[in-house]
Amino acid sequence: MKFGGTSVADPERIARVARLVAAEARKGHEIAVVVSAMAGKTNELVAWTDAAGPPADGIALNDDEYDVVVASGEQVTAGLLALTLRAQGMQARSWMGWQIPIIADDAHGRARIEAVEADALGAAIDGGQIAVIAGFQGVTKDGRIATLGRGGSDTSAVAIAAALKAIRCDIYTDVDGVYTTDPRIEQRARRLAKISYEEMLEMASLGAKVLQTRSVELAMSQRVTVRVLSSFVEPGDMSDTTGTIVCDEEEIVEKRIVSGVAYSRDEAKISLLGLPDHPGVSSKIFSKLGDANVNVDMIVQSRARTSETANMTFTVGKRDAARSMDLIRSLQTEVGFEHAEVDEDVAKVSVIGVGMRSHTGVAKTMFGALADKGVNIQVISTSEIKISVLIEAAYTELAVRALHAAYGLDQIG
Ligand code: ADP
Ligand code: ASP
Ligand code: MG
């Protein structure tokens with residue numbers, strides 16, 4: 001059972017979570033609980049690390065100490081939930097990432113879990129104790145605390161579920177399942193009873209933050225069945241159809257062409273104009289960005305009509321925009337382009353569905369719906385099961401709602 005920030009936001013909510021956990025335990029289940037920091041806590045901790053300022057030499061990384069600070073929010077909630085469970089008469093103890101241990105690599109701030117050594121944890125649970133685990137954190141081989149990237153408690157939960165061979169990983173959050181789009185943007189969004197790993201992976205990586213992308217990757221590779229449900233449910237009201245099950249495509253009877261619409265405001269668009277049109281140019285640009293760990297997403301290139309030059313547009317995360325522009329400018333003489341510019345006022349809107357593999361006309365519907373609303377498409381990218389477009393940020397909500405309706409996803413009534 002994993003509980004996100006809003007679900008453990010204060011002592012009353014923690015008491016509620018404890019009652020849910022106790023109810024499951026009394027049914028005879030053995031339980032590991034993973035908790036996030038209280039809502040807003042991690043943001044506050046991140047701001048404190050920013051206030052400390054960058055390293056004086058400008059070179060040394062202080063990300064390892066960033067992790068020491070931001071991982072602390074989960075320690076508080078794990079301890080509080082264990083205390084509350086004990087107050088309700090249950091046997092419980094808290095576990096930090098390093099105590100289990102959850103071994104992570106040393107990419108501080110966005111570390112990946114390498115292994116979960118769950119023997120001691122499993123033995124404690126077998127002994128009748130509820131394990132309350134601090135999410136979001138692991139320990140490196142050198143004994144340093146590492147955090148798993150924002151939203152990383154989802155990944156902690158799936159990794160623990162896999163290591164303990166749990167029957168299921170229940171992710172309790174502030175919505176009662178995975179919806180056809182973010183219910184905060186479109187009230188007519190519908191809860192999906194089931195969604196395939198592939199679709200959930202695309203939804204998450206294209207902006208639906210209900211699950212961290214890596215948690216879905218891990219669930220898919222380790223065959224962990226994940227259920228997303230609301231922590232505001234009453235224990236007595238739970239049934240097998242509560243929430244959304246993330247599972248294999250084969251287990252889904254209802255076939256849809258498009259399952260969902262996702263959006264992300266986290267993109268920045270970089271355009272290079274007047275690039276020499278010869279082999280090796282893209283290689284130079286993207287090697288430079290890749291070496292600096294910049295993730296490039298959408299890419300388009302086109303030959304200019306009148307000269308021997310080409311134009312190129314690609315997107316990077318907003319966080320990397322300024323750094324990417326510096327790297328690009330440092331290549332201007334060597335590569336020989338005329339002009340580079342960045343636009344942060346963009347959003348990416350995507351439609352996702354495994355049905356696209358076998359159906360035509362999905363792109364036509366998308367472009368038609370956007371055209372009807374006067375939304376201009378700047379960049380397009382596709383994969384087997386998704387189409388993404390980059391548009392002006394101001395049109396995000398309009399575009400999401402238009403697409404949601406165009407694919408017949410709106411709730412009826
Ligand atoms: P937690 O703190 O429990 O981890 P998050 O805030 O990370 O919760 O994720 C839950 C939020 O994800 C919801 O409040 C909702 O606004 C957002 N969300 C975005 N897309 C979707 C979607 N397709 N279905 C459900 N929720 C979504
Ligand atoms: N507390 C962390 C965050 O806010 C991890 C999580 O909630 O999953 O990103
Ligand atoms: Mg989350």
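A polar contact is a pair of N or O atoms within 3.5 Å. By that cut-off, a backbone N or O atom of Ser-153 is in polar contact with an oxygen atom of ligand 2, because the two lie 3.0 Å apart. The structure is a predicted model. This briefing covers the surroundings of ligand 1 and ligand 2, the second largest pocket, helix H7, and two residues in strands S13 and S17.

**Ligand 2**

- The residues around ligand 2 are Ser-36, Ala-37, Thr-42, Glu-74, Phe-136, Arg-150, Gly-151, Gly-152 and Ser-153.
- By class, this shell comprises two nonpolar, five polar and two charged residues.
- Ser-36 places a polar side-chain atom 3.0 Å from an oxygen atom of ligand 2, while a polar side-chain atom of Glu-74 lies 2.7 Å from a nitrogen atom of the ligand.
- On its own, ligand 2 exposes 270 Å², and the protein buries 86% of that area.

**Ligand 1**

- Ligand 1 is surrounded by 17 residues, of which the closest are Thr-173, Asp-174, Tyr-179, Asp-182 and Arg-184.
- The shell around ligand 1 divides into seven nonpolar, five polar and five charged residues.
- Asp-174 has a polar side-chain atom 2.8 Å from an oxygen atom of ligand 1.
- Two lysines also approach oxygen atoms of ligand 1 through polar side-chain atoms: Lys-2 at 3.2 Å and Lys-209 at 3.4 Å.
- Taken alone, ligand 1 has 570 Å² of accessible area, and the protein covers 90% of it.

**Second largest pocket**

- The second largest pocket holds about 680 Å³ of space.
- It is lined by 27 residues, and those closest to its centre are His-29, Glu-30, Ala-166, Ile-167 and Arg-168.
- Two strands, S2 (32–35) and S9 (169–173), and two helices, H5 (119–126) and H6 (153–163), are the elements that each give two or more residues to the lining.
- The lining of this pocket consists of 14 nonpolar, three polar and ten charged residues.

**Helix H7**

- Helix H7 spans residues 197–205 and is mostly covered, with seven of its nine residues buried.
- The buried residues of H7 are Tyr-197, Glu-199, Met-200, Leu-201, Glu-202, Met-203 and Ala-204.
- Just after H7, Gly-207 adopts a positive phi of about 125 degrees.

**Ser-264 in strand S13**

- Ser-264 belongs to strand S13, which covers residues 260–264.
- Ser-264 counts as buried because its relative accessibility is 11%, and the limit for that class is under 20%.
- The side chain of Ser-264 reaches the backbone nitrogen of Asp-266 at 3.1 Å.

**Glu-341 in strand S17**

- Glu-341 lies in strand S17, which covers residues 339–343.
- With a relative accessibility of 39%, Glu-341 counts as partly exposed, since that class falls between the 20% limit for buried and the 50% limit for exposed residues.
- Between the C-alpha atoms of Glu-341 and Ala-82 there are 52 Å, and the two residues are 259 residues apart along the chain.

How values were computed: Residues numbered from 1 in each chain as written. Chains lettered and ligands numbered in written order. Predicted model: local features only at pLDDT ≥ 70, side-chain atom pairs only at ≥ 80, totals over all residues. Heavy atoms only, no water. Near = heavy atom within 4 Å. Polar contact = N/O pair within 3.5 Å; in protein donor to acceptor, adjacent residues only side chain to side chain. Areas by Shrake-Rupley, 256 points an atom, 1.4 Å probe, with all protein chains shown as cover. Nonpolar A, V, L, I, M, F, W, Y, C, P; charged D, E, K, R; others polar. 1 Å grid on protein atoms, 1.4 Å probe; cavity = no way out; pocket = protein on both sides within 12 Å on 5 of 7 lines; lining within 4 Å. Points joined across faces, edges and corners; volume = space filled by probe spheres on them. Helix = DSSP H or I, 4+ residues; strand = E, 2+ residues; numbered from the N terminus. Buried < 20%, exposed > 50% of the residue type's maximum accessible area, 1.4 Å probe, protein only.
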